[in-house]
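Biologist: I would like to learn how to read burial, contacts and surface patches in a model. Please take them one at a time.

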Amino acid sequence: MTVLDLTHPITPDMPVYPGDPQPRLTTLASMPGDGFRQLELTLTTHTGIHVDAPAHLLEHGATLDRYAPGDFAGLGIVLDARKDEAALLQALDTPPAQRAAFVLFRTGHGALWGRPEYLTGWPVISEAVLARLAARHVKGVGVDCLSVDPPACTDMRLHCLLLSAGVLIYENLALPDALPGHGFLFVGAPLSLSAADGAPVRALALCDPA
């Protein structure tokens, strides 16, 4: 089995959603002074690769602790979001997509991670495509950019479309070329936080050997 990491490391200068604070890693203890190392980590629930729960935007939405561990794992598929809406809708009707619990969209924007351009102008999956997935009640939808909604969006319409159907949203995913289009197990387990609206994730793809 091959395990692929779909996660960018947390660093003080990593991209964050415009207006959010940067994560801080503060040294609390060091080998020379204390004989051991310890860091203090300060970050938001939506730092880096993270998952949005319905409570993020819905008044009475479920928090992450309402989900069972198995809700964060399942068969995954990667779709090329650079195709037009009609092609994506057609792709959703293929057997691999119909079996998938997690649908990940490769927009190409992830290649800009760490550059200023990553923070602006990211692509958006069409409402028709996301509505199809919401109607299927897939476990999760993921993108390789900052948000499923467009930049400067105020109503978060696409977030609400998915979250109101109980569909988890994964943002800032790293989707390497080595990741197969389908036939892998996606694992996107968040930090176990009480009553959380979201949480950072170590996302993995478990792939069978060729």
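Modeller: We can begin with a strand residue: Leu25 lies in strand S2. The model is predicted.

Biologist: Is Leu25 buried, partly exposed or exposed, and why?

Modeller: Partly exposed covers the range between under 20% and over 50% relative accessible area. Leu25 has 35% relative accessibility, so Leu25 counts as partly exposed.

Biologist: Which residues make the nonpolar surface patch?

Modeller: A patch takes residues with over 30% relative accessible area. Here Leu25 joins Ile10, Leu39 and Leu41 in a nonpolar surface patch of about 330 Å².

Biologist: Where is His8 found, and is His8 buried or exposed?

Modeller: His8 sits in the loop between strand S1 (2–5) and strand S2 (24–29). Buried means under 20% relative accessible area. His8 counts as buried because its relative accessibility is 15%.

Biologist: Which residues is His8 in contact with, leaving aside its neighbours within four places in sequence?

Modeller: With those neighbours left aside, His8 is in contact with Ile49, Trp113, Asn172, Leu173 and Ala174.

Biologist: Which residues does Pro200 touch, not counting residues up to four places away in sequence?

Modeller: Pro200 is in strand S10 (residues 198–207). With residues up to four places away not counted, Pro200 touches Leu43, Thr44, Thr45, Thr47, Ile49, His50, Ala189, Pro190 and Leu191. Pro200 has a relative accessible area of 10%, so Pro200 is buried.

Biologist: How many residues apart in sequence are Pro200 and Ile49, and what is their C-alpha to C-alpha distance in space?

Modeller: Pro200 and Ile49 are 151 residues apart in sequence, while their C-alpha atoms are 5.7 Å apart in space. Ile49 appears in the contacts of Pro200 and in those of His8.

How values were computed: Residues numbered from 1 in each chain as written. Predicted model: local features only at pLDDT ≥ 70, side-chain atom pairs only at ≥ 80, totals over all residues. Heavy atoms only, no water. Helix = DSSP H or I, 4+ residues; strand = E, 2+ residues; numbered from the N terminus. Buried < 20%, exposed > 50% of the residue type's maximum accessible area, 1.4 Å probe, protein only. Contact = heavy atoms within 4.5 Å. Patch = residues over 30% accessible without salt bridge, like charges linked within 9 Å, V, L, I, M, F, W, Y side chains within 5 Å. Areas by Shrake-Rupley, 256 points an atom, 1.4 Å probe, with all protein chains shown as cover. Salt bridge = Lys/Arg side-chain N within 4 Å of Asp/Glu carboxyl O.
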